[in-house]
Amino acid sequence: MAGVARQTQHLLADTYLSFVFWTVLTSLGLCTWYFPLWHMGISGYEVALFSDMAPLLLGIPPLRRLLRRHRGIAVAVGLVGIAAYAYPKPEKRLLAVAIGTAGVMLSLGSVLYEDKVPATGRLDRDIQTWEAGLVLSVAVRMVFQTNNPIWPTMNEANGGWNKTGIVLGVLALADVVTRRPDDKAELYDSKKNDLAAPEPRPRAAWVPSAFGFGALLFALHSMYSDSAIIGRWSWDGYPSTGPQPVPWGGLVITVLAAGFSVGHRIDLTTGMLWWAIGAAGAGVITFVSGWPGFAGGLLLAFYLGSVTRSILRAVSRCPPGRTFAAGLLWYNILVLAHVWVVAYEFVPGGPILRERTWVVMVATMLSIYAGVRAARASLVARPASARQDSIASQTSSVALMAQHRLRGIVWSAVGLGWLAMLIRLPAATRTPTPFHAEQRMITSAIWTIHFDLDNDMWLAETKIIQAVRELEVDVMGFLESDTERIIMGGRDWTQRVAEELNYYVDYGPSPRKHTWGCAMISKFPIKKSSHHLLPSPVGELACAIHATLDVFGRDIDVIISHNGQNENLLDRRLQTTELARIMRESPNPFIFNGYVVTKPRKEIYKILYEQGHIHDIEPRDGDRWCQYIGYRGVKRTGYARISRGTITDTEIQVGKYLAPAPGENITEWKPSYNRVKEDHYPEEYHFPKVFRGKGVRGHFYHVFNEPLYYD
């Protein structure tokens, strides 16, 4: 019994360390992204992304032997990645994360190498543990609304469990360090009389194996490290054009785990027909929206899970230094390519991959095909060797026990994910209530949030939630909001905002639409919404959400938009002309909240307001450049500008309006620009007092130093 308990303890420790692997790996891009975000281009800190290539050191035999015999060295280095949160300065924190990434990758490489002692099942156990770590990571992020609580961008103030993560990491490290190094050899010696004589096992072709490994790691990281990613890939607006993250994210973790569960069927999973099925799923999720696209993503998840064991076993039979170096270099190239498709304006050679996610997907699937074919040649084509592996696996009772317990861990993690979905479902589906229904008031706002990463490289949704709650906004647009990419952490921050504050949410154009994102939350039912990719022949692709809301029984349209940069006048002219057309052709009252990039009363400004048939919320406000608000068919009662605090470099702009009653004729409504004092209106019409004077958390009324009111 003591031996069984010890083996279970080892499995739990290894699973947690695999969870740490995925935690550190998914945080590396997020922490690196902070620097080019503020530099508005390549900063030099991007070199940290290549810290994951540390396993190339395994090509040095003495070092490889040292790490295999003393696994605790690499494990300890890897834990630096989750201890990085202790460094307040972003530069030091990124360095610690890079060191941690090198550690977790060295740890993976040192165990993912063909065991000298066959017949123990250790290699399969290590692979299954790595898979279990991914499933556990996804489940934990489902509990924490797509955040990982021990990321170095988390702390006590924004919901982090960093200290708990470090304590568990130290306990797992202690288990590794105190583990008897000869347990496996003793097990083999006890069984060797029952096993066939070992034969030299064939090496896999290292080049295709390396490419397959790099592509597999990229695909799992970019699409399945969070349960919401493929749902957001397939989302295309209201009504009902795709699955919501809650509860349908539960299907993602279930299918991924199911794929891992059939990984032992190497003869099946390495076949060409099986790859064709996976490639079909990849094609569907890349090109199709809505539920069919989501189904394609599930098919791809099952395929990737099913081939993971084959590819990693093939990699274990290759020279470790050059195989991991080539595989991780290819992984990094794919990561950069998956950034280049949207960041093409700011990076060298960007136009080559402009809006070409399909190219990245094709390269990924072809690389995986090369990997599985190399695995098939190595693992299936030699019957004697394959039979030896099978006999070894079947006759090792400890190996069977480990497999059974690992399956239990995986499916327990799936159960945890579903439990999180069920617990969160009431909050995700309850009906929002507008703040001032009796007054028929709409409070609408716009804010550019820099991908939910604050000025000190901490996740910002806690601060965003506090500001939105205090503003009592009914409709709010967020720009630079798409965080479902590797460099943004592959997360959906809108889930927490919507659930805690009770809003409907439209995530905006999906990540495969190649924009920086624009999202909308609303207290009013979203009757329909469409996502627009505005004309951008020169620069970055601009996005917009055009939504029709049911506002106290009256249809009112809202646009949330993010236009291009100042350098591209043609883009801004065409984009603004398209926005004006959408507004001009709508018969409904309209509220515009957007990022326009123009000075007041200049060409772009005139296109927006004159051709769009809308009114400026305050034409006398000459201190504007990026964000603008416009309206028609509603009575504007107030306007305020609130400083950004420690979130992003852009302020919050807010407008208050009264909605027309159903059937009320608004054709004669004209805007009034007569300013009145706050006491002209009852208290329900007022802006929050908390932002007066010095305000709170760095948010205060600025420019006018107080809200403006109109009769």
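This report describes the enclosed cavities of a predicted model, with attention to the two that come first by volume.

## Cavities in the model

Rolling a probe the size of a water molecule over the atoms shows where empty space is left. In this predicted model, the count comes to 10 cavities of 30 Å³ or more.

## The largest cavity

The largest cavity has a volume of about 210 Å³, and 16 residues line it, of which Leu17, Ser18, Arg71, Ser107 and Leu108 are the closest to its centre. Four helices each supply at least two residues of this lining, namely H1 (2–39), H3 (72–83), H4 (90–111) and H5 (122–143).

Among the contributors to the lining of the largest cavity, helix H1 gives the most, with 5 residues. When the lining residues of the largest cavity are sorted by class, 9 are nonpolar, 4 are polar and 3 are charged.

## The second largest cavity

The second largest cavity has a volume of about 120 Å³. Its lining is made of 13 residues, and those closest to the centre of this cavity are Phe218, Trp233, His338, Thr357 and Val360. Two or more residues of the lining come from each of helix H8 (206–224), helix H14 (320–343) and helix H15 (357–379).

Helix H15 provides the largest share of the lining of the second largest cavity, with 4 residues. By class, the lining of the second largest cavity divides into 7 nonpolar, 4 polar and 2 charged residues.

Conventions: Residues are numbered from 1 along each chain as its sequence is written. This is a predicted model: local features need pLDDT of at least 70, side-chain atom pairs count only at pLDDT 80 or more; totals for chains, interfaces and linings use all residues. Side-chain values use heavy atoms; hydrogens and water are left out. On a 1 Å grid over the protein atoms alone, a cavity is a set of points where a 1.4 Å probe fits but cannot get out, and a pocket is an open set with protein on both sides within 12 Å along at least five of seven lines; lining residues have an atom within 4 Å of a point. Grid points are joined across faces, edges and corners, and a volume is the space filled by probe spheres set on the points. Ala, Val, Leu, Ile, Met, Phe, Trp, Tyr, Cys and Pro count as nonpolar, Asp, Glu, Lys and Arg as charged, and the others, Gly among them, as polar.
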